[in-house]
Protein chains: 2
Amino acid sequence: MSQHRTRAEQRRDTEARILAAARETFARLGYERTTIRAVAASAGVNAGLVMHYYGSKEELFSRAAKLPDDELPAGHPAEALLSTLRRRLDDEPVASLVVLRSMLTHAEASKEFRAAASGWLGRIGDAIPAQDADLRAGLISAIITGVVIDRYLLKLSSLADASADDIVSLLRPCFESLTNDPPH
Amino acid sequence: MSQHRTRAEQRRDTEARILAAARETFARLGYERTTIRAVAASAGVNAGLVMHYYGSKEELFSRAAKLPDDELPAGHPAEALLSTLRRRLDDEPVASLVVLRSMLTHAEASKEFRAAASGWLGRIGDAIPAQDADLRAGLISAIITGVVIDRYLLKLSSLADASADDIVSLLRPCFESLTNDPPH
DNA sequence: GTCTATACATCGATAGAC
DNA sequence: GTCTATCGATGTATAGAC
């Protein structure tokens, strides 16, 4: 039972399928090892069509790589940061993994990460009452990055198999000391 | 004034020069973007010679990528780990950066990192008196990895410009709580 | 010991058919 | 809207000259 679909609808669907396939492949293999042909096959279309819609591999990557600008919840900085960590431990969005996977080896991914980190670091720093707030914010960000990398990208068992609750609990004292918060 | 050198000596020198050039290039660009031609040019020799000596790009990478098996100094676990961190903050060896740069996108680098992390995590875990020692060890390792990545690979200013002393000081409470050590 | 020449595969990108 | 055909560039690897 085929649906009636305009050409525009059909195109939107196909474009979305291609983008989803691109996200999955970029997140898994990184920029260099991902080929347009593989993305096309995974989306069930032809390689030429991917180029037709997205123009270039670089443009496809840019569309696939998006970091959410984590807003910092109100309240005590340590708890706010821990709740952000909590959310990312439960399910790190694929679009984020696209950036993380390639940020060490691809300029565009590195740039995207820097841009997001820049805003993110500023907000953390503003919430920390200390003259070395920038360094403290950088350390918190580095901890989160390291944990997410080991858990989702390298899948090291000690972190990949742990519960998000346990990780958050163990890191609470770290975040409290780095944000200059008293323990509670 | 040319030295007298046997062919064997000459060969050792050239091989070493190629390996050093390979380390620098792999560390800077990662596995995929590094070309045999670029390594050869950087070493002042021909591309064919690199292949002649190392057989394949993969083999050259294996020779260039070596993680030192950090031994854990004796004493209180937290201080021992902090002194290891201290050493890595002062100068992370190029051979290590080769592994770190490509570990997210190249299987061989990932394998090398896992192997080193495995031994490393075991030693940390053994030194921590807690039933969840494995997770604690994984978190400590993730923190170090995250900090080194941000400082040396991404060069985020807040970490790249900071002094090793300041970083160690700020992370001391983190390591103490994760190793279950009392502060002192 | 080191270099030249080249085979061979892969991939991004383009042009045009259906 | 989607696919076929193909070009051109790049890079590893091999064979052999000097």
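This passage describes how two chains are arranged, how one helix is enclosed and how aromatic rings pair up in a predicted model.

It helps to begin with the two copies as a whole. Chain A can be laid on chain B by a turn of 180° with a shift of 0.0 Å along the axis, and the RMSD of this superposition is 0.0 Å. The two copies are thus related as by a two-fold rotation axis. Of the interface residues of chain A, 100% are also interface residues in chain B, so the copies meet through the same surface.

Within chain B, helix α6 is a good place to look at burial. This helix spans residues 94-102, and eight of its nine residues are buried, so it is largely enclosed by the rest of the structure. The buried residues run from Ala95(B), Ser96(B) and Leu97(B) through Val98(B), Val99(B) and Leu100(B) to Arg101(B) and Ser102(B). Which helices of chain B help to cover the buried residues of α6(B)? The cover includes α1 (7-29), α4 (57-64) and α5 (77-90), together with α7 (107-127) and α8 (133-153), of chain B.

Attention now turns to the aromatic rings. Over all chains, a search of the whole structure finds six aromatic pairs. One of them joins Tyr31(A) and Phe61(A) in an edge-to-face arrangement, with 5.2 Å centre to centre and 90° between the planes. Tyr31(A) belongs to helix α1 (residues 7-33) of chain A and Phe61(A) to helix α4 (residues 57-64) of chain A, so the pair ties together parts that are 30 residues apart in sequence. Both partners are shielded: Tyr31(A) is buried at a relative accessible area of 9%, and Phe61(A) is buried at 0%.

In chain B, Phe26(B) and Tyr31(B) form a stacked pair, at 6.0 Å centre to centre and with 0° between the planes. Here Phe26(B) is buried, with a relative accessible area of 0%, while Tyr31(B) has a relative accessibility of 9% and likewise counts as buried. Returning to chain A, ring pairs link Phe26(A), Tyr31(A) and Phe61(A) into a cluster.

Tyr31 also has a lysine over its ring in each chain. In chain A, Lys57(A) lies over the face of Tyr31(A), 4.4 Å from the ring centre. In chain B, Lys57(B) lies over the face of Tyr31(B), at 4.4 Å from the ring centre. Tyr31(A) therefore takes part in an edge-to-face pair with Phe61(A), is buried and has Lys57(A) over its face.

Methods
Residues are numbered from 1 along each chain as its sequence is written. Chains are lettered from A and ligands numbered from 1 in the order in which they are written. This is a predicted model: local features need pLDDT of at least 70, side-chain atom pairs count only at pLDDT 80 or more; totals for chains, interfaces and linings use all residues. Side-chain values use heavy atoms; hydrogens and water are left out. Buried means under 20% relative accessible area, exposed over 50%, partly exposed in between (1.4 Å probe, protein chains only). Helices (H or I, at least four residues) and strands (E, at least two) are DSSP runs, numbered from the N terminus. Contact means heavy atoms within 4.5 Å. Rings of Phe, Tyr and Trp (its six-membered ring) pair if their centres lie within 6.5 Å; planes under 30 degrees apart count as stacked, over 60 as edge-to-face and the rest as tilted. A charge sits over a ring if NZ of Lys or CZ of Arg is within 6 Å of the ring centre and within 35 degrees of the ring normal. Copies are superposed by least squares on the C-alpha atoms of residues with pLDDT of at least 70 in both.
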